[in-house]
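Here are some friendly notes to read alongside the model. Please keep the 3D view open and turn to each place as it comes up.

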Amino acid sequence: MNRTTAIWVLVFIFSLISPNIFAQEVNIELGPDQIALNETFTIKVTISNDKIKSYDQFPEITGFQKQGISQSSSMNIVNGQMSSSSSIIQYYKPNRKGDYRLGNFTVKINGNDYSSSGKTISVIDARAAQRQSNAFDPFDEMFGNSREEPEFIEIDDEAFFATSVDKPEVFVGEALNVSLAFYMAESNQAPFQFYEPGRQLDGILKKLKPSNAWEENFNITNIQPERVSIYGKNWVKYKVYEATFFPFSEGEITIPSISWEMIKYKVAKNPTFFGNNRLEDYKTFYSAAKSIKVKPLPPHPLKNEVSVGVFQLRENIKTLNAETGEGITYNFGISGEGNVNSISKPKTKQIQKLNTYDPNVRQQVNRGVGKVTGIKEFSYYLTVNEPGEIKLSDHFEWIYFNPNLAKYDTLRPQAVLNITGESKVNQAISNQRLGGIYDLIEVENNKLSNQRYKYYFSIFINLLLAVSVILIAVLIMKKR
């Protein structure tokens with residue numbers, strides 16, 4: 001192929017491609033000026049002779065809530081010329097009646113910005129789906145069917161909303177897991193969709209949380225389906241809330257009946273290929289109330305101070321061998337299931353050989369699989385004044401109540417220190433403040449006080465009191 005022929009081939013190919021390149025257009029189409037409360041407003045972006053590969057967020061509209069995005073594409077051949085278009089539609093649902101302004105906005109499509117001047121949208125009362133009568137099935141006339149307003153029917157559902165608790169009764173301070181979930185049978189045919197779960201949960205939390213309990217919220221942000229079996233039947237569980245409560249006092253925790261609203265669609269009795277085959281409706285489900293008994297802890301001197309849960313000791317020490325006076329870092333960690341936030345530092349017994357200082361505290365709380373677990377670590381700095389063997393169990397202990405065993409238990413260290421070197425007990429005593437009268441020696445006045453003045457002053461006060469009594473008696477006698 002010579003050079004001239006190659007050029008003509010390129011020109012021919014370019015002539016076939018170039019019309020599509022230059023015919024590319026982008027159009028932003030806004031919904032109607034007036035919609036009803038039960039209708040949706042749309043922003044539609046159509047690009048011709050190209051595909052929508054990427055797009056940015058559509059604008060927010062005051063008084064509306066975004067409902068979802070759909071995409072479509074089409075291809076036409078007219079007189080041998082092929083054209084195509086792709087569209088993306090953002091749906092908005094109005095929250096209330098009124099006039100709202102959609103201001104100027106820009107949408108990024110395939111990396112390019114496209115702008116619109118916006119419009120004013122008027123929202124009126126809800127109305128019947130009469131405007132859907134204009135939408136028709138193009139096959140109706142082909143088969144001689146007449147255009148009629150679609151009839152929608154409600155399908156019986158197999159679904160319920162429920163409150164679940166993991167125990168019918170707990171001790172004071174024991175973990176109580178509470179969850180709210182929407183259940184739908186796998187065989188269910190009725191179409192459902194969640195309706196403003198965030199707004200509903202805000203109202204639920206105000207009446208759900210007990211005033212006499214600490215709450216550890218699992219903060220569910222995504223409602224995920226979970227397959228469960230109830231009495232041999234398969235269900236899909238959608239958990240919307242989960243928390244663990246730790247009651248402060250004995251008595252009762254009451255979980256009231258909770259309402260939960262879902263979008264339930266009615267379906268067309270005679271569905272068509274292009275027509276509107278479902279109608280949005282709402283259904284409210286109610287959970288049953290729950291009552292949980294809170295039992296007091298058994299008698300114990302530390303009954304009102306101990307933590308409740310299932311815990312283990314995780315101690316960590318860098319070295320067990322040290323010189324007298326040398327600093328040692330010792331970590332007393334408490335891990336397990338329970339209210340980690342309420343864990344207090346271990347009790348310490350003061351012994352002459354061992355010096356301890358206030359610990360640094362670190363904690364980690366984990367929420368998952370229906371449990372609150374974690375660790376609280378107390379990092380101590382220790383010094384030992386005398387050589388010998390030091391059992392840390394003689395110095396540290398942590399008492400808690402185990403609800404599974406219904407009894408108190410104590411965590412004690414296993415570490416034993418081997419200390420060498422000379423005794424530094426006397427040095428430690430000299431470094432300590434003696435307190436009491438010894439502290440006052442440096443601040444008290446060293447001048448001698450004259451006790452004789454105090455004696456004369458007392459006599460003068462007594463005489464003055466005696467004269468006052470005599471005068472009062474004389475006045476009383478004169479009045480009589």
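How much space lies in the largest cavity? Keep that question in mind through the first point; the model is a predicted one.

1. **The cavity.** The largest cavity holds about 30 Å³ of space. The count comes to one cavity of 30 Å³ or more. A general idea helps here: rolling a probe the size of a water molecule over the atoms shows where empty space is left. To find the place, look for the residues that line the largest cavity: Asp166, Lys167, Ala175, Asn177, Thr244, Glu337, Gly370, Lys371 and Val372.

2. **One lining residue, Asn177.** Let us stay with one of those lining residues, Asn177. Strand S13 is where Asn177 sits. Is Asn177 buried or exposed? Its relative accessible area is 10%, under the 20% cut-off, so Asn177 is buried. Leaving out residues up to four places away in sequence, Asn177 touches Ser164, Val165, Asp166, Phe218, Glu242, Ala243, Thr244 and Gly370. Take Val165 from that list: 12 residues separate Val165 from Asn177 in sequence, and their C-alpha atoms are 5.6 Å apart in space.

3. **The whole protein.** Now zoom out. The protein has six helices and 32 strands. Of its 480 residues, 34% count as buried. The accessible surface comes to about 30,500 Å², and 51% of that surface belongs to carbon and sulfur atoms. Among contacts with a separation of 6 or more, 71% are made by residues 24 or more positions apart.

4. **The largest nonpolar core.** In soluble globular proteins, nonpolar side chains tend to be buried together. In this model, the largest nonpolar core has 29 residues, and Phe161, Leu180, Phe182, Phe192 and Tyr241 have the most contacts inside it. Which elements give two or more residues to this core? They are strand S11 (159–165), strand S13 (176–185), helix H3 (197–208), S17, strand S18 (251–255), strand S19 (259–268) and strand S21 (290–295). The largest share of this core comes from S17, with six residues.

5. **Phe192 and another core.** Phe192 is worth clicking on. Setting aside residues up to four places away in sequence, Phe192 touches Asp157, Ala159, Phe182, Met184, Met262, Ile263, Lys264 and Phe285. Apart from the largest core lies another one, of 23 residues, including Ile328, Leu382, Val384 and Ala415.

6. **Ser335.** What about a polar residue's surroundings? Ser335 has its place in strand S24, residues 328–338. With 9% relative accessibility, which is under the 20% limit, Ser335 counts as buried. Apart from residues up to four places away in sequence, Ser335 touches Val310, Phe311, Gln312, Arg314, Gly374 and Ile375.

7. **Two loop residues with positive phi.** Which loop holds Asn219? Asn219 lies between strand S15 (213–217) and strand S16 (225–230). Its phi is near 50°, a positive value in a residue other than glycine. Asn219 is exposed, because its relative accessibility of 53% is over 50%. Tyr231 is found in the loop between S16 and strand S17 (233–247). Phi of Tyr231 is also a positive value near 50°. With a relative accessible area of 85%, Tyr231 is exposed.

8. **Asp99 and Thr42.** Asp99 lies in strand S6, residues 98–102. At 58% relative accessibility, Asp99 counts as exposed. Beyond its neighbours within four places in sequence, Asp99 is in contact with Ile121 and Ser122. The C-alpha atoms of Asp99 and Thr120 are separated by 6.8 Å, with their positions 21 residues apart along the chain. Thr42 belongs to strand S3, residues 41–48. Not counting neighbours within four places in sequence, Thr42 is in contact with Glu29, Leu30, Gly31, Ile89, Gln90 and Tyr91. Thr42 and Lys93 are 51 residues apart in sequence, and their C-alpha atoms are 9.0 Å apart in space.

9. **A region from the record.** Finally, an unreviewed UniProt entry lists residues 455–477 as "transmembrane region". What does the model show over residues 455–477? There the chain is 100% helix and 0% strand, with the end C-alpha atoms 34 Å apart.

Methods:
Residues are numbered from 1 along each chain as its sequence is written. This is a predicted model: local features need pLDDT of at least 70, side-chain atom pairs count only at pLDDT 80 or more; totals for chains, interfaces and linings use all residues. Side-chain values use heavy atoms; hydrogens and water are left out. Helices (H or I, at least four residues) and strands (E, at least two) are DSSP runs, numbered from the N terminus. Buried means under 20% relative accessible area, exposed over 50%, partly exposed in between (1.4 Å probe, protein chains only). Contact means heavy atoms within 4.5 Å. Accessible areas come from the Shrake-Rupley method with a 1.4 Å probe; for residues, only the protein chains shown count as cover. A nonpolar core is a set of buried Ala, Val, Leu, Ile, Met, Phe, Trp, Tyr and Cys residues joined through side-chain atoms within 4.5 Å. UniProt positions are given in the numbering used here, feature names are shortened, and annotations may be inferred rather than shown by experiment. On a 1 Å grid over the protein atoms alone, a cavity is a set of points where a 1.4 Å probe fits but cannot get out, and a pocket is an open set with protein on both sides within 12 Å along at least five of seven lines; lining residues have an atom within 4 Å of a point. Grid points are joined across faces, edges and corners, and a volume is the space filled by probe spheres set on the points.
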